[in-house]
Amino acid sequence: MLFDRVAVPVAVCDVYGSVQVANPAMAAECGTTPGRLRGQDVLDLFQPQESIQVERIAQALRLRHRSRYQVSVRWRATNGTERYGELTADPVSDAVEDTPALLVMLRVQGEGEPREEHTPTRVTPIEARILALLAGGATTARAARETGLTTDGVTYHLRRLSVRWDAANRTELVARAYALGVLTPGVWPPVPVTDAAER
């Protein structure tokens with residue numbers, strides 16, 4: 001009953017993405033009823049913008065990682081308008097050793113062409129911190145420990161930065177961070193410009 005009253009589009013899927021139950025808000029996004037969504041693949045309903053995101057999530061779930069996963073998606077609304085947003089999947093189960101189900105929530109971000117959430121030179125504090133750690137030679141695992149994220153979380157932020165800056169690899173990401181004024185030149189260990197200004 002409570003599940004049905006949630007205004008946010010929500011569904012519970014098995015580990016392969018097959019919908020087991022969906023609330024009316026999720027069904028409305030798909031132009032159908034909750035019962036008709038049962039058994040459908042959530043990634044057939046909402047097309048991922050980056051297939052690599054889905055592959056990494058599938059791998060993490062096979063390894064029984066318990067992180068929160070986010071996938072940028074597009075879909076067509078019932079009125080024919082192209083919409084875009086983000087699916088968030090949280091693995092849930094009664095016991096750690098059980099195969100988890102996925103609690104999937106949809107955040108609608110807009111219609112038409114996706115807008116970039118940040119201007120190219122603007123980064124979030126966590127992105128700036130990750131870039132500084134990378135510039136100092138940190139591995140993904142170390143960056144995760146230092147920021148309190150999972151390794152998947154660090155990779156997620158790096159992937160978003162790579163797309164935003166059209167960077168081919170991490171070396172190019174670091175170079176662009178310096179060129180765009182995100183990291184402070186001439187300082188070791190590397191720090192974001194905002195951190196340097198506060199010192």
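**Surface, cores and helix packing in the predicted model**

The protein exposes about 11,200 Å², and carbon and sulfur atoms supply 53% of that area. The structure described here is a predicted model. Of the 199 residues in the protein, 41% are buried. The secondary structure comprises 10 helices and six strands. Among contacts between residues at least 6 apart in sequence, 47% join residues at least 24 apart.

A good place to start inside the protein is its nonpolar cores. In soluble globular proteins, nonpolar side chains tend to be buried together. The largest nonpolar core here holds 21 residues, and the members that touch the most others are Leu 131, Trp 165, Leu 173 and Val 182. Four helices, α6 (125-135), α7 (140-147), α8 (151-165) and α9 (170-179), each supply at least two residues of this core. The most is given by α6, with seven residues. Leu 173 offers a handy view of the surroundings: leaving aside its neighbours within four places in sequence, Leu 173 is in contact with Leu 131, Leu 158, Leu 161, Ser 162, Trp 165 and Ala 167. Two of these partners, Leu 131 and Trp 165, are themselves listed with Leu 173 among the core members that touch the most others. Apart from the largest core lies another, of 18 residues, which includes Trp 75, Leu 87, Leu 102 and Val 104.

Attention now turns to a pair of helices that both contribute to the largest core, α7 and α8. Two packed helices are described by the angle between their axes and the distance between the axes. For α7 and α8, the packing angle is about 100° and the axes are 8 Å apart. This angle falls within the 65 to 115 degree range, so α7 is roughly perpendicular to α8. On the α7 side, the contact is made by Thr 140, Ala 141, Ala 143, Ala 144 and Thr 147, while α8 brings Thr 151, Val 154 and Thr 155. By class, the residues of this contact divide into four nonpolar and four polar, with no charged residue.

Helix α8 also contains His 157. With a relative accessible area of 16%, His 157 is buried, because the cut-off for a buried residue is under 20%. Not counting residues up to four places away in sequence, His 157 touches Ile 126, Glu 127, Ile 130 and Leu 149. Of these partners, Ile 126, Glu 127 and Ile 130 fall within the span of α6, 125-135.

Terms used: Residues are numbered from 1 along each chain as its sequence is written. This is a predicted model: local features need pLDDT of at least 70, side-chain atom pairs count only at pLDDT 80 or more; totals for chains, interfaces and linings use all residues. Side-chain values use heavy atoms; hydrogens and water are left out. A nonpolar core is a set of buried Ala, Val, Leu, Ile, Met, Phe, Trp, Tyr and Cys residues joined through side-chain atoms within 4.5 Å. Buried means under 20% relative accessible area, exposed over 50%, partly exposed in between (1.4 Å probe, protein chains only). Contact means heavy atoms within 4.5 Å. Accessible areas come from the Shrake-Rupley method with a 1.4 Å probe; for residues, only the protein chains shown count as cover. Axes are lines fitted to C-alpha atoms, for helices over the stretch in contact, and angles run from 0 to 180 degrees between N-to-C directions. Angles under 35 degrees count as roughly parallel, over 145 as roughly antiparallel, 65 to 115 as roughly perpendicular and the rest as oblique. Ala, Val, Leu, Ile, Met, Phe, Trp, Tyr, Cys and Pro count as nonpolar, Asp, Glu, Lys and Arg as charged, and the others, Gly among them, as polar.
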